[in-house]
Amino acid sequence: MSSDAHPAPSEYRTGSDPRTLRDALGCFATGVTVVTCLDSGGRPVGLTANSFTSVSLDPPLLLVCVAKAAASAGPLTVAEHFAVNVLQTGQQPDSITFSTRVEDRFGRTEWACGEHGPPILRQSLSVFECARTAVHDGGDHWILVGEVKKASFEPGLDPLLYFRGSYRRLHFD
Ligand SMILES: Cc1cc2nc3c(=O)[nH]c(=O)nc-3n(C[C@H](O)[C@H](O)[C@H](O)COP(=O)(O)O)c2cc1C
């Protein structure tokens, strides 16, 4: 390759362009979730997040990382309960809605409050209703840890996936 071709760098080191780090992290394929709660006024709040991770089975713990700059960060880090809605392929519009600045995110989807209060998006692949147990500092994100109080899932649906900055779907049978 000629030296003036300027190929995109594919290595990150401290001090490099953070875009390269994002691209490296984007090689980790994930599902997509919408994390929700009610704010102090009882209004539904939620954002798209793919930083969801299971943590522990006994006790049953999971985590999600929420940007400190996100409008949802305040409500999510103080709400007693939150929900993780794992999205299926038909919910790509929900993923877009909950990751962009739209007037009324919940006005564009069907939802209802779960047994423990937080909003549940209808037709989600799985839903985890959690009690907040910890909020750890994670740099420019909060690491929100919850104990699973209720989990439900739809066995027949395929997951919405995210890889290298694009939505994907499974192509195995
Ligand atoms: C696929 C995908 C995954 C995302 N994952 C996260 C995440 O894990 N944590 C986060 O804070 N933001 C994540 N975002 C960005 C937020 O959804 C986005 O910044 C949103 O507009 C924040 O809304 P808010 O400011 O109303 O809280 C993700 C966006 C997309 C499209």
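Biologist: Which residue meets E147 in a salt bridge?

Modeller: This is a predicted model. At 25% relative accessibility, E147 counts as partly exposed. Its partner is partly exposed too, with a relative accessible area of 43%. The N to O distance is 3.9 Å, and the cut-off is 4 Å. The partner is K149.

Biologist: Where do K150 and E115 lie, and how many residues apart in sequence are they?

Modeller: Their side chains meet in a salt bridge, 2.9 Å from N to O. K150 lies in strand 10, while E115 sits in the loop between strand 7 (111-113) and strand 8 (119-121). The pair therefore ties together parts whose separation in sequence is 35 residues.

Biologist: Is E115 buried or exposed?

Modeller: Its partner K150 has a relative accessible area of 30%, which makes K150 partly exposed. E115 has 63%. The limit for exposed is over 50%. E115 is exposed.

Biologist: D39 and R43 form a salt bridge. Which of the two counts as buried?

Modeller: The two side chains meet at 3.1 Å, N to O. R43 has 51% relative accessibility, so R43 counts as exposed. The other residue has 17%, and buried means under 20%. The buried one is D39.

Biologist: How many salt bridges does the structure hold?

Modeller: Three have come up here: E147 with K149, K150 with E115, and D39 with R43. They are among the structure's salt bridges, which number 8.

Biologist: What is the strand order of the 7-stranded sheet?

Modeller: The sheet is open, and its pairing is antiparallel. Its edges are strand 3 (44-49) and strand 4 (53-56), each pairing on one side only. From one strand to the next, the twist averages 35°. The order is 3-2-6-9-10-5-4.

Biologist: Which residue of strand 10 is the bridge partner of V64?

Modeller: Strand 5 covers residues 61-67 and strand 10 covers residues 141-153. The two run antiparallel and pair over 7 bridges. V64's partner in strand 10 is L144.

Biologist: Which strands form the edges of the 3-stranded sheet?

Modeller: This sheet is open as well, with antiparallel pairing in the order 1-11-12. An edge strand here pairs on one side only. The edges are strand 1 (30-31) and strand 12 (166-168).

Biologist: Which residue in strand 11 stands opposite T30?

Modeller: Strand 11 spans residues 161-163 and runs antiparallel to strand 1. The two are joined by 2 bridges. Opposite T30 stands Y162.

Biologist: Which residues touch the most other members of the largest nonpolar core?

Modeller: This core has 18 residues. Strand 2 (33-38), strand 3, strand 5, helix 2 (73-78), strand 6 (81-86) and strand 10 each give it two or more. Apart from it lies another core of 7 residues, among them V34, L87, L121 and L160. In the largest core, the members with the most such contacts are V35, L76 and F82.

Biologist: Which residues does L76 touch, leaving aside those up to four places away in sequence?

Modeller: L76 is one of the three residues that touch the most other members of the largest core. With those sequence neighbours left out, L76 touches V35, T36, C37, L47, V66, F82, R132 and L144.

Biologist: Which residues do ring pairs link into a cluster?

Modeller: The model has 4 aromatic pairs. In one of them, F98 and F106 meet edge-to-face, with centres 4.9 Å apart and planes at 85°. In another, F106 and W111 are also edge-to-face, at 5.3 Å and 70°. The cluster consists of F98, F106 and W111.

Biologist: Is W111 buried or partly exposed?

Modeller: F98 and F106 are both buried. For F106 the relative accessibility is 7%. W111 has a relative accessible area of 31%. That makes W111 partly exposed.

Biologist: What share of the contacts with a separation of 6 or more joins residues 24 or more positions apart?

Modeller: The protein has 3 helices and 12 strands. Its C-alpha trace spans about 60 × 40 × 40 Å along the principal axes. Of its 173 residues, 34% count as buried. The share of those contacts is 61%.

Conventions
Residues numbered from 1 in each chain as written. Predicted model: local features only at pLDDT ≥ 70, side-chain atom pairs only at ≥ 80, totals over all residues. Heavy atoms only, no water. Pairing = 2+ DSSP bridges. Helix = DSSP H or I, 4+ residues; strand = E, 2+ residues; numbered from the N terminus. Axes fitted to C-alpha atoms, helices over the stretch in contact; angles between N-to-C directions. Buried < 20%, exposed > 50% of the residue type's maximum accessible area, 1.4 Å probe, protein only. Core = buried A, V, L, I, M, F, W, Y, C linked by side-chain atoms within 4.5 Å. Contact = heavy atoms within 4.5 Å. Phe/Tyr/Trp six-rings, centres within 6.5 Å; stacked < 30°, edge-to-face > 60°.
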